[in-house]
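I set aside some bench-side time today to look through a model, one helix and one sheet at a time. Here are my notes, in the order I took them.

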Amino acid sequence: MTGLVRGNVPGFGHDPRADLAATAALGLSGLMFGSPFEVSPGLDHGELAEFRALADGLGLELGSGLGSLNVARPERVARLVAAGGGDLRTGLLRLLDAVALLGAQTPYFYVGTIEDRLSASLAWADQLAHVAAVLRDLAPALRDRGMSLLLKTHEEITSAEIVALIEAVGPDVLGVAFDPVNVVVRGEAPLPAARRLAPHVRQVHLDDCDIRWTDRGARRVLCAMGAGALDWPALLAPFSGVACWIDLHRGEFDMPFFEPSWLAHAPGLAVAELGFLAGAAARAEAAGRHAVQASPAERLQPMLDWTRERLR
Amino acid sequence: MRLGVDGRKIPEAAKRGPVASLDHGRQLGLDGLFFRTVLEMSPTLDGGYLRAIRQRADELDMYLETGLGKVNPYATPEAPELRQIGDGDIVLGFRRMMEACAAIDCRELWVGTANYKVAYVGRYAYDRFRTDVSWDEQLRATASFLRKLAPIARDLGIHINIETHEEITSFEVVRLVESIGPDVTGIVFDTANVLQRAEHPVWAAKRVAPYVRQTHVKDALVAYDGDILDFQMRPCGKGVVDFGAILPILAAARPDLNLTIENYESFSDRPRRFARLVMEISDPDWLAAHPDLTAEEYAAYLEMVQLYSQRMQAEGMMDRPSWAAWAEQNFHYDAAVAYIEQSAAHIREVCAAQRLPLRVVAA
């Protein structure tokens, strides 16, 4: 199954119904929303069910995210709290019911942003502890609904931190949406990260990136699928049968690991994994690949070609 | 501190022999010679001849340093002279060498842990990566052998100084010294070899400083060839090694330390093909073989390489293949002398700028 994450897809984002039709026209088998609010801003059950029927008619699966669950930063969860009439838990349950109506039984979320990790006022470990508490509290409701959440390997979190969260919350209700272009932002090598996360991976996000040297370390530049530093055939090998979602990222992140302050926020970073960045940057330079980041519009067609050849 | 040169690699060392090489070193404005091993000075440990070398060094007011040999029992078969000089008993061989050194008042004695294998390019050139015996086993055997030599060293007032040689890390050298005892062991800090173990020379200097007793002062180009790094020797000041940062560390730790320039060897003295030295700097298995390396030091190392690459461009330095080709054709007596003089000038300049206690030789 190969679907499409709706965000950043050229021409998408205005009308969910039109995007469904466009997804089917691309020959893909699913469409993933960032949150159910994109389908129904009021989380109206009738509207959601009707939308799912439309997707069924086109032979499309629907997926959904829940957004950020960094409860330690109230601004990240403001909409959830509002949806719960001022109560976060109520809001979350409403969202779970909404995504279930879309048929998305394993919605994904992310914790926050790189700024959250680097926050001077709020320790990252404390933010993770708050997230763990919320997830533990939500676990019985997830089990009741036969649902589980997937934590995305987002740019601010390490694979080891994700594994620790899963162990704290329970692997039956928390899995992983593995998005390899993001793990490099934390200095991790994609294949070792995949091995660490493998038992918990329920969904894979497809995109590719190359690495460039900068004066302060390295930079992730997104590029056409198959043309970058990720060994996708090897990455996918352990995940046969796992749903793959095309995810055209936008962020052009720096990994300024020459700065001791950056490394101070990367406890436990293994040298051998940092070596992945060094090797990729050196190979790109040796090959004369200096191109800047390719836009989602430039990357969509190569991605469709790649998935057509490799996955469908 | 005094500034001298390598007694094995000073040009025409073999042709001139140790006594005349001392004069040669003095002519080049240097203050001492560091002969790698006492057997290189006299293969028979001829007391009279060794005294003559000492006498000439004293007459010229130059330091005289030397050493013993490899102390890794897995590597000593590659140096049969060590066992031979003990008539089959290698511990006796080392005792005889140590006694001969003590007799000419050489009590800071170099040792190494393995031989670099020029026949191979890549990890198998380094005995760290032997497939028959692990590096840990070699280190254990080395420590065990050094423990046998320790009482002899103690009796004779000798420090057995382990070089930060190509195959060993400074972390491991420090651990060896601390486990055998700094009363009888020390470190020969080679400022550039550590690069081959992905160590930043300044970080390594800080680690070895408490135990440093001899030096090989040298510099190197480190530059990418694809995703591996090439290592080529360069005169001090022309490579990645930051002597401005290292020398104050060493001077503070041991103000009477001798700084011995290890020059690139003349192709007339040792005809050879240009040997390629590489570091598989991004290979996960290669990196995993350096368990003491931290992300912080690795990052500092990578930054050092990037800065050097920018400097090479800015200064229009010769690149790796051009230098290799040039050296094979041109690195003979004159080039080796120029290399030593350029290195010496840089070290003197750094010491003068920072008011470090380097003895100035009258012209």
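A word on terms before I start: I count a contact when heavy atoms lie within 4.5 Å. I also keep in mind that this is a predicted model.

Entry 1, a helix in chain A. I looked up helix H6 of chain A, residues 124–145, and checked its length. At 1.5 Å a residue its 22 residues should span 32 Å, and the end C-alpha atoms are 31 Å apart, so the two values agree. I then looked for a bend and found a kink of about 40 degrees at A:Ala139, shortly before the proline A:Pro140. Just past the end of H6(A), I noted A:Gly146 with a positive phi of about 65 degrees.

Entry 2, its surroundings. I listed the buried residues of H6(A), among them A:Trp124, A:Gln127, A:Leu128 and A:Ala139. What do the buried residues of H6(A) pack against? I found helices H4 (88–101), H5 (114–118) and H7 (159–169), along with strands S4 (108–110), S5 (149–152) and S6 (174–178), in chain A.

Entry 3, a sheet in chain B. I traced 8 strands in an open, parallel sheet, in the order S7-S6-S5-S4-S3-S2-S1-S10. At its edges I have S7 (212–216) and S10 (258–261) of chain B, each pairing on one side only. On average, neighbouring strands of this sheet are turned by 30 degrees against each other, direction ignored.

Entry 4, a closer look. I saw 4 bridges joining S5 (residues 159–163) to S6 (residues 185–190) of chain B. B:Glu163 has B:Val188 in S6(B) as its bridge partner. Helix H8 (residues 201–208) of chain B packs on the sheet, touching S6 and S7 of chain B, and its direction makes about 165 degrees with that of S6(B).

Methods. Residues numbered from 1 in each chain as written. Chains lettered and ligands numbered in written order. Predicted model: local features only at pLDDT ≥ 70, side-chain atom pairs only at ≥ 80, totals over all residues. Heavy atoms only, no water. Helix = DSSP H or I, 4+ residues; strand = E, 2+ residues; numbered from the N terminus. Expected span 1.5 Å × (residues − 1). Bend = angle between axes of the 7 residues up to and from the residue. Buried < 20%, exposed > 50% of the residue type's maximum accessible area, 1.4 Å probe, protein only. Pairing = 2+ DSSP bridges. Axes fitted to C-alpha atoms, helices over the stretch in contact; angles between N-to-C directions.
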